[in-house]
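Please look over the sequence and the model before reading on. The paragraphs below go through the fold, the core, the charged pairs and a few loop positions.

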Amino acid sequence: VLLAACSKQEGSSWYCDTVCGSDTHSVLILSGSNSFKDLEIELQRTNDEKRIYLNGYGIPFTRNRNDKVDVIIHIDGQESLVEATLLQGGQSLRLPADAESELLNAISERKPIYISVGRYSADVHYENFDKHFKKFTND
């Protein structure tokens with residue numbers, strides 16, 4: 001299997017990381033320009049399964065009373081609050097399946113998305129998105 005590496009760009013932008021566009025595994029990342037306040041959105045594809053992870057660097061996420069992390073998601077003007085699972089290391093979150101599915105649909109339809117988690121936030125834009133999304137989906 002030939003793995004293609006894509007270069008990371010400066011500023012808030014989409015890029016492929018390490019194994020973008022392989023037949024069995026792809027990673028597509030929206031990285032912010034400021035790692036101390038910008039939330040990184042990581043999409044992973046393994047065969048036909050897609051996952052979304054939210055990454056924050058510097059200060060770990062804070063857990064709520066249910067040992068989860070509160071995530072506020074705005075999709076096309078509609079706000080929802082979901083509880084994400086904090087992964088080992090304290091700097092990555094896994095969304096519940098329904099929120100993950102809703103976000104993946106919104107991304108594929110290029111809807112306006114804004115996500116905030118504590119002091120981190122991400123405003124999803126689609127500049128230079130299509131070429132990377134095509135590699136990610138392996139189309």
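What follows is a walk through this predicted model, from the overall fold to single residues.

The chain contains 2 helices and 9 strands. Their order along the sequence is β-β-β-β-β-β-β-α-β-β-α. Of the 139 residues in the chain, 40% are buried. Among the contacts with a separation of 6 or more, 45% join residues that are 24 or more positions apart. The accessible surface of the chain is about 7,700 Å², and carbon and sulfur atoms account for 46% of that surface.

The interior comes next. The largest nonpolar core consists of 31 residues, and Leu54, Val71 and Ile115 have the most contacts inside it. Helix α1 is the element that gives the most to this core, contributing 5 residues. Strand β4 covers residues 49–55, β5 covers 69–75 and β8 covers 113–117. Leu54 illustrates how distant parts of the sequence meet. Leaving out residues up to four places away in sequence, Leu54 touches Leu39, Glu40, Ile41, Phe61, Val71, Gln91, Ser92, Leu93, Leu95, Ile115 and Val117. That list includes Val71 and Ile115, the two residues named with Leu54 as having the most contacts inside the core.

The charged side chains can be read in a similar way. The model has 5 salt bridges. One of them joins Glu100 and Arg51, with an N to O distance of 3.9 Å. Which parts of the chain does this pair tie together? Glu100 belongs to helix α1 (residues 97–108) and Arg51 to strand β4 (residues 49–55), so the bridge connects parts that lie 49 residues apart in sequence. Are the two partners buried or exposed? Glu100 is buried, at a relative accessible area of 5%, whereas Arg51 is partly exposed, at 25%. The cut-off for buried is under 20% relative accessible area, so the two residues fall in separate classes.

Glu100 has a further partner. Arg94 also forms a salt bridge with Glu100, and here the closest N and O atoms are 3.1 Å apart. Both pairs belong to a network of salt bridges that links Glu49, Arg51, Arg94 and Glu100. Another salt bridge is formed by Glu109 and Lys111, with 3.3 Å between the closest N and O atoms.

Lys111 also leads into the loops. This residue lies in the loop between α1 and β8 and is partly exposed, with a relative accessibility of 29%. Apart from neighbours within four places in sequence, Lys111 is in contact with Ile75, Asp76, Ala106 and Tyr126. Tyr126 is 15 residues away along the chain, and the C-alpha atoms of Lys111 and Tyr126 are separated by 9.1 Å.

Asp76, one of the residues in contact with Lys111, is itself a loop residue, placed between β5 and β6 (78–86). Its backbone has a positive phi of about 50°, although Asp76 is not a glycine. Most residues other than glycine have a negative phi. Asp67 also has a positive phi without being a glycine, with a value of about 65°. Asp67 sits in the loop between β4 and β5. How accessible are these two positions? Asp67 is partly exposed, with a relative accessible area of 46%, and Asp76 is likewise partly exposed, at 47%.

The loop between β4 and β5 also holds Pro60. Pro60 is partly exposed, at 44% relative accessibility. Which residues does Pro60 touch beyond those up to four places away in sequence? They are Gly90 and Gln91. Pro60 and Gly90 are 30 residues apart in sequence, and their C-alpha atoms are 5.0 Å apart in space. Gln91 appears in the contacts of Leu54 as well, and thus links this loop position back to the description of the core.

Aromatic rings remain. The model has 1 aromatic pair. Separately, Arg119 lies over the face of Tyr120, at 4.5 Å from the ring centre.

Terms used: Residues are numbered from 1 along each chain as its sequence is written. This is a predicted model: local features need pLDDT of at least 70, side-chain atom pairs count only at pLDDT 80 or more; totals for chains, interfaces and linings use all residues. Side-chain values use heavy atoms; hydrogens and water are left out. A salt bridge is a side-chain nitrogen of Lys or Arg within 4 Å of a carboxyl oxygen of Asp or Glu. Helices (H or I, at least four residues) and strands (E, at least two) are DSSP runs, numbered from the N terminus. Buried means under 20% relative accessible area, exposed over 50%, partly exposed in between (1.4 Å probe, protein chains only). A nonpolar core is a set of buried Ala, Val, Leu, Ile, Met, Phe, Trp, Tyr and Cys residues joined through side-chain atoms within 4.5 Å. Contact means heavy atoms within 4.5 Å. Rings of Phe, Tyr and Trp (its six-membered ring) pair if their centres lie within 6.5 Å; planes under 30 degrees apart count as stacked, over 60 as edge-to-face and the rest as tilted. A charge sits over a ring if NZ of Lys or CZ of Arg is within 6 Å of the ring centre and within 35 degrees of the ring normal. Accessible areas come from the Shrake-Rupley method with a 1.4 Å probe; for residues, only the protein chains shown count as cover.
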